Amino acid sequence: MAVTIPNTPTTTARIKVEAVGNIFFDISNTNFTITAGSGCGAPSGLTASGISTTSATIGWTAVSGATSYDVDYKASTSGTWTNAATATTAISVGLTGLTQGTTYDYRVRTNCASGSSAYSSAQFTTNSTVTCGAPTGLVSSAITSSGATLSWTAVSGATTYDVNYKAASSSTWLNLASGISSTSVAITGLTANTLYDWRVRATCTGGSGNYTTAQFTTLSTTCASTLDNTTNGTISGAATIPFNTNVTGLISPSADIDHYKFVITTGGTATVTLTTLPFDYDLKVLNSSGTQLAISQAGSTTSETITRTYTAGTYYAQVYGYNGANSATSCYTLRVQLGTASRGGDLINSDVQKIDIFPNPVNNIVNINLTGYTGKSDLSLFDVNGRIVMNRQVSTVNTPLDISKLPAGVYMLRIKNGGKDVKMEKIIKQ
Ligand SMILES: [Ca+2]
Ligand SMILES: [Ca+2]
């Protein structure tokens with residue numbers, strides 16, 4: 001009969017022969033040697049690669065002395081192994097026909113001349129075809145002249161996000177962050193006063209979803225509007241400015257002269273004001289060929305105002321520093337306010353003396369412009385009961401009168417010049 005010797009190396013092995021249930025036995029009286037057998041090791045280095053939604057490849061490290069391998073697999077929730085390969089001499093097996101988004105167990109054992117090893121086992125999960133939704137709730141916050149914080153609402157099932165950005169004028173997206181798990185990211189190093197696009201997409205186990213795009217504009221590092229451009233030193237480079245809108249600009253350096261174009265389509269009155277002056281700046285109105293039509297040159301930081309009647313045509317407002325006045329940080333405010341057409345009834349005494357009161361009705365500031373008058377003027381405002389609610393003595397011919405604190409209603413404005421009444425006007429405060 002054949003006897004299988006255990007794989008236990010020794011130089012003092014002996015054989016004992018004994019009958020079953022019998023107390024008599026015999027032992028050989030000569031030692032013999034058992035040398036180490038080759039054994040049959042279980043496979044190691046199990047890997048699952050090339051995982052798709054329905055397939056994967058199982059691999060393992062070759063075992064010394066192996067003649068072949070057996071491979072089984074099953075869904076981890078199943079109790080039944082499916083045979084993938086029996087006695088294969090390869091060290092990898094492809095699995096197909098799998099279910100997407102499912103965790104599988106697999107096991108491999110070694111077959112040797114002496115028999116089979118124990119199984120080694122591991123797991124893998126197939127990919128899911130479920131892709132991410134597009135992010136929502138995009139917010140650009142903490143915007144500065146050079147950066148911002150970008151955030152969005154978490155996408156269900158998302159593991160990571162990719163964020164791109166670009167200047168809106170560019171067609172090339174730049175990578176800001178990829179594979180981040182956070183739902184916000186800071187962006188820095190941007191150009192001031194520039195419109196930027198940014199987009200974010202989510203990545204889930206099944207792949208990436210669609211991008212969602214948003215925009216923001218970095219803050220300006222200067223108080224000056226873009227209308228105070230690099231070419232407005234002459235009328236030919238002047239930008240056209242909107243009416244009834246504050247336009248900010250800088251006189252810097254000292255030789256800086258700014259021009260702004262405005263086009264009157266229907267003749268009538270308009271007032272150009274120059275306010276928030278850091279130093280003594282002056283104001284001119286030029287015609288389409290650059291010839292001066294009017295000038296306002298009050299002293300110090302007093303605001304400048306030019307009110308006149310315009311025929312339809314192109315005009316320019318010119319702003320400049322008196323005697324080299326300039327500021328690189330503090331902006332002036334220019335405004336072209338359209339009035340109404342000149343009314344003959346406004347004219348007092350002669351064609352050259354004229355009083356313009358506008359706007360009327362008024363919310364906050366009523367402008368009182370005395371053309372052709374000299375010296376001090378007294379402005380008195382009466383309520384409907386005839387009580388004086390405001391009184392000003394002014395030395396300039398153009399006066400902005402702030403009545404924003406007065407209650408709404410009807411008032412009478414009396415203007416005296418040189419001690420004589422020159423105008424009574426009903427003012428409606430809104
Ligand atoms: Ca300028
Ligand atoms: Ca001035």
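This passage walks through the overall form of the protein, its domains, two of its sheets, its nonpolar core and one exposed residue.

The model is a predicted one. In terms of secondary structure, the tally is lopsided: the protein has 36 strands and 0 helices. The chain is also a long way from a ball. A compact globule of 430 residues would be expected to have a radius of gyration near 22 Å, yet the value for this protein comes out at 46 Å. Laid along its principal axes, the C-alpha trace covers about 155 × 50 × 40 Å. Of the 430 residues, 25% count as buried. As for contacts between residues with a separation of 6 or more, 62% of them link positions that are 24 or more apart.

The domain assignment splits off three pieces: domain 1 takes in residues 136-217, domain 2 covers 235-338, and domain 3 runs over 344-429. Between the C-alpha centres of domain 1 and domain 2 there is a gap of 42 Å.

One of the sheets is an open one built from 3 strands, lined up as E13-E14-E17 with antiparallel pairing. Strand E13 (136-141) and strand E17 (184-187) sit at the edges, and each of them pairs on one side only. Going from one strand to the next, the twist averages 15°. Strand E14, made of residues 148-153, is held to E17 by 4 bridges in the antiparallel sense. To pick out one pair, Thr149 has Ala186 in E17 as its bridge partner.

Another open sheet uses 4 strands, again with antiparallel pairing, and its order is E22-E29-E24-E27. Here the edges are strand E22 (247-249) and strand E27 (304-310); each has a single partner strand, so one side of each has no neighbour in the sheet. The twist in this sheet averages 20° from one strand to the next. E22 runs antiparallel to strand E29 (residues 332-338), and 3 bridges join the two. Within that pairing, Val247 stands opposite Leu334 of E29.

Leu334 turns up again in the largest nonpolar core, which has 26 residues. The members that touch the most other members are Tyr260, Val272, Leu274, Ala317, Val319, Tyr332 and Leu334. Several strands feed into this core with two or more residues each: E23 (257-264), E24 (268-275), E25 (281-286), E27, E28 (313-321) and E29. Leu274 gives a good idea of who meets whom. Setting aside neighbours within four places in sequence, Leu274 is in contact with Tyr281, Leu283, Ser303, Glu304, Val319, Tyr332 and Leu334. Val319, Tyr332 and Leu334 on that list are also among the core residues that touch the most other members.

Ser49 tells another story. This residue belongs to strand E5, which spans residues 44-49. Is Ser49 buried or exposed? A count of the surroundings settles the matter: Ser49 has 10 other C-beta atoms within 10 Å, and a residue with 12 or fewer is classed as exposed, so Ser49 is exposed. Leaving out residues up to four places away in sequence, Ser49 touches Thr57 and Gly59. Thr222 lies 173 residues from Ser49 along the chain, and the C-alpha atoms of these two residues are separated by 57 Å.

Key. Residues are numbered from 1 along each chain as its sequence is written. Chains are lettered from A and ligands numbered from 1 in the order in which they are written. This is a predicted model: local features need pLDDT of at least 70, side-chain atom pairs count only at pLDDT 80 or more; totals for chains, interfaces and linings use all residues. Two strands pair if DSSP finds at least two bridges between them. Axes are lines fitted to C-alpha atoms, for helices over the stretch in contact, and angles run from 0 to 180 degrees between N-to-C directions. A residue is buried if 20 or more other C-beta atoms lie within 10 Å of its own, exposed if 12 or fewer, and partly exposed in between; C-beta atoms are placed from the backbone. Two residues are in contact if their C-beta atoms, placed from the backbone, lie within 7 Å. The radius of gyration is taken over C-alpha atoms; the globule rule is 2.2 Å times the number of residues to the power 0.38. A nonpolar core is a set of buried Ala, Val, Leu, Ile, Met, Phe, Trp, Tyr and Cys residues joined through C-beta atoms within 7 Å. Domain bounds come from an automatic or database domain assignment.
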